[in-house]
Each structure stands twice: as structure tokens, then as C-alpha cells.
Amino acid sequence: MMRIAKGRPFSLCISLFSVPSASSFSSTILRFRSRAFCSPIADQFRSRRKVYLTRESSNNQLNTSYVMDSKTMPFQKTSSIDGDDKHPHVWSSPEGGQRIDIGKQIFCNRSLNMRSIVAVGFDMDYTLAQYKSDTFESLAYEGTVKKLVNDLGYPTELLEWSFDWTYMVRGLVLDKKRGNILKMDRHKYVKVAYHGFRELSKEDKVSTYGSTLIRDAFDEPEYALIDTLFSLAEAYLFAQLVDFKDKNPGKIPADYSRMYKDVRAAVDLCHRDGTLKKMVAKDPKRYSKYINEDASIVPMLKMLRDSGRATFLVTNSLWDYTNIVMNFLCGPRAVDGCSDLNFDWLQFFDVVITGSAKPGFFHDENRANLFEVDPESGMLLNTDNGTPMPQVDTTLRLPLKTLDKGCQIFQGGNVGHLHKLLSIESSSQVLYVGDHIYGDILRSKKILGWRTMLVVPELEKEVELLWTFRETRKHLQLLRNKRDHIEDTIHHLQWSMRFDGVSVENKEELLAEIDQLQSQQERVRHSHQEAQRECHRKFHKVWGQLMKTGYQNSRFAHQVERFACLYTSQVTNLSLYSPDKYYRPSEDFMPHELDILAS
């Protein structure tokens, strides 16, 4: 299928021919003339946004002519719609609607018709604001180490440590009691395990996690789940502490569980005293050091609002930091890279809720108070479910309301307040986009029934590698099939020797053949394991493919499949699709179906 950019004239050359003989062919020239209606989305919705959807049409016409001649032109892949930093090619632009690179596609687990969505919500940290792991995570790591040493009495040697931001991945599980880091498949079988930075042998894995009468659930409080990008630094620090404790007996008297608890306490201290966010916010010229710039955010928000949908922001960050980050993401840049602090970005949202305390926010019975935020002063004003309350002290001078009341700003509250503010009639009318499989996606999907989209930045590289190494994966499957065939043959020969009537000579021949097959089996097994290990390292040197553990989906992939209706590498990939798109999942296959279809 070829998609044509709207609003642009074009010509298309195709030759249709048949070959009656080897020496000649007839060519058919076709001429088409067609009309199609086209209306720029931004011109369709001039009135104030409502929660319900509206549809209007314009009389703008696009005349398209297809000119055919007898010369054939090979079709080439259309360019992806990356655009450039200043002029991103969103779907609603004249250049939009082209082929989308696989790394920027949106993948669908459950059917989602965007026409039924009346409000689209976003998390901020790691969703709209994509932090740079090499700088922001290093900042988090350094702050946590200082808290461990200065506030919790850990050895000063820790201050000399450094952080390898590429080592840990999402989806890992920390065994607090044993000091192990685990990667498991969707059935919760441990496939990769490290004690600190030392890999555990297969025998150690089986004896620790595979030989109990009752299967371990691998959940809190004995285990910690590394499901966010922000958790990678604390996981790496925990592994370092385990190694340090083992090599330096007596230097850290705490056991592994206590060490992890101290790491979590140090991280919480960094959050409570604002260590991390103060470092990011203190110098406007350095915002880009910690946060990726994305020029598609504003066009995406405009397109969603011009399509008649409400937009909202729900973040755990407080107002002062939220305003700084959103100004950086949505505001104009000066020559020196700075952006003036203002409230222009609020025009892209109907409701902004800061300090939401997710995942507790998603519980309607959570009786957290909802305060209105004065953007100028940051002062919190009492509300009655979002409605301003009269002040008892009439002498109190309240901030002047100079902002457009199109966007309301709040702190706290719960999902019930949000539904009321947006006049949501059914939770299935809401699409929420976040990065946290537990705090954003699982709770909003499982408790509320919101439609969900998970942002997985690692996915862009993963799918590109999958495409690059697709032949390698086919070769691995052939080796696996070969192993199965040799094994079945050996079993059949061994079985045949158990029956009477087999002569001594035949037994000797069978034994020789079995011995030869077993040698072949060992060579193929070794080749298969080495090839699989090499393929494993191409995705990640330690943990392999994010969404796979061996031949099974990983625990992380299983959660994505269960709780995310859609998933993609960047939030702004939404801008590459029609706001009315019907997302449909691919067909599910059982193993017996795959065998039949592959034959």
C-alpha cells in the first residue's frame, strides 16, 4: 500500500503488461483522474475544546492525476517521517501519512478505536520528558551514594565509585535476601542470574530457585521489581554493594536486605530534599544536558486538541518543577538555548494535576484533598472537588487570576476529581500514556479500565536489531530443530535395543550409530548454545533482548502484553498516526497453529 501526502500534486507511473512471447510484450497505458476531499485538521476545530468529539468538513479539494506511460519505474521505499528538529512531520502536516520507521511504530495488544477516546492524558517524567540516562541517572546515582555515606554511615570508598548506565535493564528482579539480580521469563522461571556482578551457574540457579515444593511469586517484600528507568541506578548500586560486602568482610555489617533498604532510603532522601530536581532546574542553559528535546510534542498536542479531544497531564512532580520542564519541552528557544519561564504551555492542556502521588491517585476511594494551584506564586487554594471555595479570612490577599482559565492546575486529589473536571462518562473513553508499568499502566488499566499506552524508549533499538538479525534468528531455529531431530533418532534407536530378536551384531551396529549420533548431538548443542549466546549479547552484553528470555517472552514483555493496550518507543509517535485511527492487534497464534502455518 502506498499513502499519498495530502495537499501535494503528484504523478505516478505504472506499466501493466503481459508477456505473450519471449521476444515481445504489450503495454497498457492507463489514465486516472480522481478527486478527494481534504481538510486540514487545524482548520476544522476553531471553537473551544470540549470533551465530546465534533466533526466538520471543509470544501477544500485535492485534485490528483495519475499519468501512466509505457516505461516501468521500480517502486522504492518511501522515506520515514522523521522531518527535522524544527519542522517535525506530524500526521496532520502535508508531509505526513508516509511510511513510519519500524522503530517509531505503535504496536497494539488490544483493539483501540481512537474515535471512542474523548480525553488523552500524559505522565511527564520519562514520558513527555525523556531524561538522558548517561547524565540524569548518573546524577541520581551520585546523589544516592552521597546520602549513603554522609547520612547512613557507609564507607567513604563508595564516593570513588562510578555508574555504568548501560549495565542494567528494565524487567529485572532483585532478590533482597540473597543479593541476586534475576531475569526471568513470563512463567517466572529464572533464566539469567547474577550475585552482584558474578554470574550464577545453572546448578546454582536450579538449587536456589527451581527445586522448591512451592513456586516463588517473586514479589514484594522479599523481591524488588526494576520496572522503571529511574530504578536502574539503584539496581546497579545494589549490585556494587553486594560485591563490595563479599570482598570486604566486616566493612558493611548490614545484610543484603538491609543494604537494599538503605539504598531505597537514600533515593527517597534525594527526592524529599529535591537534590535531583534542583540540579536539573538550577541552570536553564543545562536543561538539554538532562532532558531530550523533542520538537514533535507541541504539534502532537495541537493535533489531538484540534481533533476535538481533551488533553490532561497527571504527574507526581510538584508545580514548580513541572512548569520548568514543560517550558523547556514546549516553549520557544532563545539563541543561547534558554527558554523564558512562562505559562504558554498550558494552552495545550485542559487540566494539569501535579503532586498526584500515583499510583494511589488511581483509587477513587483515596480521599486526598484537591488543591488549586496559583501558577504565579505556587500557592495552594482549597477547592470543593475542583470548584474554588470562598475564603473565611476576607483580608487575605489572593493572587490575581491573570491566566486564561482554559487550563486548570491542581495538586493532589484522585481519579474521581479528574473524571468530574473532564466530564468523563466512561473510563474507557480515556487514553493514558505513561512509562511506569506499575505506577502508570497496571493501576490505570486494572482498576479503572482506562485505555493505556506504554512508552518503552529501549524498544526503538530493539526492533531495529531484530530486523538486522532476523536471519540469525532463523538459523537458531534451524539448529534447534536439528537438535530435536537427532535426539528423537537416538531415543528411537535406544528403544529398539530393548526388545528380543535383536542380534549381537545388530546391537553393536546400533550402539556405534548411537555413539556417532551422540557426538553429533553434542557438536550441534554446542553450536546452538554459542550462536544463541552471541545473539543474546548483540541486544545487551549481560541481559540480552528486553522482551525475550531464551525462547520465551520475558517477564517485562508479559506485563506489557497484559496491561498496555498500545506500546511504542516515544510518546510523540502518536503524532505520526491519525487521531481517529483504529488500532488493531495482530493475530494470536498457538504453537499448533504456528506449526501448521509454517509447513
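The paragraphs below lead through a predicted model, taking up its salt bridges, one enclosed helix, some unusual backbone positions and a charged patch on the surface.

A search of the whole structure finds 21 salt bridges, and a few of them serve well as a way into the fold. One is formed by the side chains of Lys 277 and Asp 125, which meet with a nitrogen and an oxygen 3.9 Å apart. This pair links distant parts of the chain, since Lys 277 belongs to helix H6 (residues 275-281), while Asp 125 sits in the loop between strand E7 (119-122) and helix H2 (133-150), 152 residues apart. The two partners are covered to unlike degrees: Lys 277 is partly exposed, with a relative accessible area of 27%, whereas Asp 125 has a relative accessible area of 15% and is buried, because buried is taken to mean under 20%.

The loop that holds Asp 125 also holds Tyr 126, which is placed between E7 and H2. The phi angle of Tyr 126 is near 70°, a positive value in a residue other than glycine, and with a relative accessibility of 6% Tyr 126 counts as buried.

A second bridge joins Asp 227 to Arg 555, with the closest N and O atoms 3.4 Å apart. Asp 227 lies in the loop between strand E12 (223-226) and helix H4 (232-247), and Arg 555 lies in helix H15 (residues 555-563), so the bridge ties together parts of the chain that are 328 residues apart in sequence. Here both partners are buried, Asp 227 with a relative accessible area of 4% and Arg 555 at 9% relative accessibility.

A third bridge is found between Asp 185 and Lys 191, whose closest N and O atoms are 3.4 Å apart. Asp 185 is buried, with a relative accessible area of 2%, while Lys 191 is partly exposed at 36%. Another residue to look at in this part of the sequence is Lys 188, which is placed in the loop between strand E9 (180-184) and strand E10 (190-195). Lys 188 has a positive phi, near 65°, in a residue other than glycine, and its relative accessibility of 31% makes it partly exposed. Elsewhere, salt bridges form a network, in which Glu 234, Arg 264 and Asp 268 are linked.

How many of the eight residues of helix H10 are buried? Six of the eight are, so H10 is largely enclosed by the rest of the structure; the buried residues are Val 415, His 417, Leu 418, His 419, Leu 421 and Leu 422. Just ahead of this helix comes Asn 414, found in the loop between strand E18 (408-412) and helix H10 (415-422), and Asn 414 too counts as buried, at 5% relative accessibility. At the start of H10, a side-chain oxygen of Asn 414 reaches to within 2.8 Å of the backbone nitrogen of Gly 416. After the helix, the chain continues with Ser 423, whose phi is positive, near 55°.

The backbone also contains cis peptide bonds that are worth locating. One of them joins Glu 220 and Pro 221, with omega about 5°, and Pro 221 lies in the loop between helix H3 (202-209) and E12. Another runs from Lys 358 to Pro 359, with omega near 10°; Pro 359 is in the loop between strand E14 (351-354) and strand E15 (370-373).

Towards the later part of the sequence, helix H14 (residues 504-539) includes Glu 508. Glu 508 is exposed, at 53% relative accessibility, and it gathers with Glu 505, Glu 509 and Glu 513 in a patch of negative charge on the surface. As background to such an arrangement, an α-helix has 3.6 residues a turn, so residues three or four places apart point the same way.

Beyond this helix, in the loop between H14 and strand E21 (548-549), lies Trp 543. Is Trp 543 buried or exposed? At 1% relative accessibility, Trp 543 counts as buried. Trp 543 and Tyr 167 are 376 residues apart in sequence, yet their C-alpha atoms are 8.5 Å apart in space.

Technical notes
Residues numbered from 1 in each chain as written. Predicted model: local features only at pLDDT ≥ 70, side-chain atom pairs only at ≥ 80, totals over all residues. Heavy atoms only, no water. Patch = residues over 30% accessible without salt bridge, like charges linked within 9 Å, V, L, I, M, F, W, Y side chains within 5 Å. Areas by Shrake-Rupley, 256 points an atom, 1.4 Å probe, with all protein chains shown as cover. Salt bridge = Lys/Arg side-chain N within 4 Å of Asp/Glu carboxyl O. Lys, Arg positive; Asp, Glu negative; His and termini not counted. Charge placed at Lys NZ, Arg CZ, Asp CG, Glu CD. Helix = DSSP H or I, 4+ residues; strand = E, 2+ residues; numbered from the N terminus. Buried < 20%, exposed > 50% of the residue type's maximum accessible area, 1.4 Å probe, protein only. Polar contact = N/O pair within 3.5 Å; in protein donor to acceptor, adjacent residues only side chain to side chain.
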